[in-house]
Amino acid sequence: MKVLVTGGAGFIGSHVVDFFIREGHEVVVVDNLHTGKVENLNPRARFYQVDIRSPELEEVFAKERPEVISHQAALVNVRESMLKPMLYAEVNILGSLNLLELARRYEVKKIIYASTGGAVYGEPEYLPVDEEHPINPLDPYGASKHAVEHYLHLYYLNYGLEYISLRYPNVYGPRQDPFGEAGVVAIFTGQMLRGEQPVINGSGEQERDFLYVEDVARANILALEKEGCGIYNLGWGKGTSVNEIFRLLKELTGYPGKAVHGPPKQGEVFKICLKADKAKRELGWEPLVPLEEGLKATVEYFRRNLA
Ligand code: NAD
């Protein structure tokens with residue numbers, strides 16, 4: 001099939017592209033390189049440096065006529081979204097709507113959407129969080145990502161455009177930005193390999209459901225094969241503390257220093273993990289890469305790539 005991957009030069013999107021190509025699909029990438037990098041691009045994908053908000057996006061649809069879209073492009077920084085809520089709505093909501101309108105007009109069959117379990121549920125009322133949990137985003141990033149799920153549903157109801165929304169947990173792995181604001185695995189790995197002191201926010205007892213990026217890419221493949229619509233959590237259903245991540249990475253990198261704690265980050269969920277039973281039942285998806293193995297592959301990647 002011909003698949004258009006938005007954000008295909010980014011961390012997760014580039015792995016999604018690699019998986020689609022490996023599965024024999026023809027892949028077209030749209031990315032404005034805001035955080036994406038040319039070196040992440042699979043050479044077998046056709047690349048268009050286009051903003052998802054821009055009118056030029058139509059030229060890509062007219063020329064390529066994609067059958068399926070995997071929509072990974074977004075602004076993804078929670079803290080930045082608090083400072084720039086309008087910008088987050090423009091890119092994440094209006095950019096997605098621009099894409100949906102073109103999908104409708106150019107008769108795309110299906111759209112796979114990168115949603116977020118970490119940011120749409122808010123402070124969990126129970127753990128692990130399933131898809132029935134109330135939606136209470138705490139920040140403009142989460143609200144903007146969730147808003148698109150409503151549009152996906154109404155485009156299905158009104159125009160028959162099928163969708164699968166995958167609510168990712170904390171994704172980590174090769175190509176994640178080690179200088180970013182979020183992504184504790186990449187940040188700590190980068191710092192430890194450079195011999196810098198990582199600082200754990202607060203007690204370090206906060207927990208996240210850490211999922212290796214290839215498990216996320218594989219879910220996109222399964223979503224493509226699934227008939228019909230649905231919203232699915234991805235994750236282990238089990239949290240790991242930031243202290244434990246520090247300990248494991250210290251071992252893997254050989255970092256000699258001790259853990260240092262700073263002030264806690266305000267407004268962040270304390271503990272979250274996602275129940276992915278529905279994805280297992282209906283998509284045949286389950287995580288395959290255990291945390292220790294995924295961290296090892298990540299450290300090896302950064303060792304090779306951090307000069
Ligand atoms: P990323 O920043 O590496 O990837 C986003 C990509 O989108 C980048 O390549 C960027 O250049 C591109 N992009 C941004 N604005 C654009 C625009 N206006 N037009 C075209 N391209 C644009 O981030 P990521 O972590 O790989 O996130 C990918 C997707 O996964 C996002 O939709 C994000 O909301 C979702 N997600 C990520 C995580 C995580 O843990 N990383 C968790 C939940 C959901």
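Q: Two strands count as paired if DSSP finds at least two bridges between them. In this predicted model, which residue in β6 is the bridge partner of Lys110?
A: Strand β5 covers residues 110-116 and strand β6 covers residues 162-168. The two strands pair in the parallel sense over seven bridges. One of the bridge pairs joins Thr116 to Tyr168 in β6. For Lys110, the bridge partner in β6 is Glu162.

Q: In what order do the seven strands of the open sheet stand?
A: The pairing throughout this open sheet is parallel. β3 (46-48) and β11 (230-233) each have a single partner strand, so they stand at the edges, with one side of each left without a neighbour in the sheet. The order is therefore bounded by these two strands. Written in full, the order is β3-β2-β1-β4-β5-β6-β11.

Q: By what angle are neighbouring strands of this sheet turned against each other on average, direction ignored?
A: The sheet in question is the open one formed by seven strands in parallel pairing. With direction ignored, its neighbouring strands are turned against each other by an average of 20°.

Q: What angle does the direction of helix α1 make with that of β1?
A: Helix α1 (residues 11-22) packs on the sheet and touches β1 (2-6), β2 (26-30), β4 (68-71), β5 and β6. Helix α8 (residues 213-225) lies across β4, β5 and β6, and runs at about 160° to β6. For α1 and β1, the angle is about 170°.

Q: How many of the seven residues of β5 are buried?
A: Lys110, Ile112, Ala114 and Thr116 point one way from β5, whereas Ile111, Tyr113 and Ser115 point the other way. Buried means under 20% relative accessible area, and the residues on both sides of β5 are all buried. The strand is therefore largely enclosed by the rest of the structure, the number of buried residues being seven.

Q: Which residue in β5 is the bridge partner of Ser70?
A: β4 and β5 pair in the parallel sense, with four bridges between them. In β5, the partner of Ser70 is Ile112.

Q: At what distance does the side chain of Glu149 make a polar contact with the side chain of Arg167?
A: Glu149 belongs to helix α6 (residues 140-159) and is buried, with a relative accessible area of 3%. Not counting residues up to four places away in sequence, Glu149 touches Tyr113, Ser115, Ser165, Arg167 and Ile231. Its side chain makes a polar contact with the side chain of Ser165 at 2.7 Å. The polar contact between the side chains of Glu149 and Arg167 is at 2.6 Å.

Q: How far does an oxygen atom of the ligand lie from an N or O atom in the side chain of Asp31?
A: The ligand is surrounded by 29 residues, and Asp31 is among the closest, together with Ile12, Thr35, Tyr141 and Lys145. Backbone atoms also approach the ligand: an N or O atom of Gly10 lies 3.1 Å from a ligand oxygen, and one of Ile52 lies 2.9 Å from a ligand nitrogen. For the side chain of Asp31, the distance to the ligand oxygen is 2.5 Å.

Q: How many disulfides does the structure hold?
A: Cys229 is partly exposed, with a relative accessible area of 25%, whereas Cys273 is buried, at 7%. A disulfide requires a pair of cysteine sulfur atoms within 2.5 Å. The number of disulfides in the structure is zero.

Key:
Residues are numbered from 1 along each chain as its sequence is written. This is a predicted model: local features need pLDDT of at least 70, side-chain atom pairs count only at pLDDT 80 or more; totals for chains, interfaces and linings use all residues. Side-chain values use heavy atoms; hydrogens and water are left out. Buried means under 20% relative accessible area, exposed over 50%, partly exposed in between (1.4 Å probe, protein chains only). Axes are lines fitted to C-alpha atoms, for helices over the stretch in contact, and angles run from 0 to 180 degrees between N-to-C directions. Contact means heavy atoms within 4.5 Å. A residue is near a molecule or strand if one of its heavy atoms lies within 4 Å of it. A polar contact is a pair of N or O atoms within 3.5 Å; within protein, one must be able to donate a hydrogen and the other to accept it, and residues adjacent in sequence count only if both atoms are side-chain atoms.
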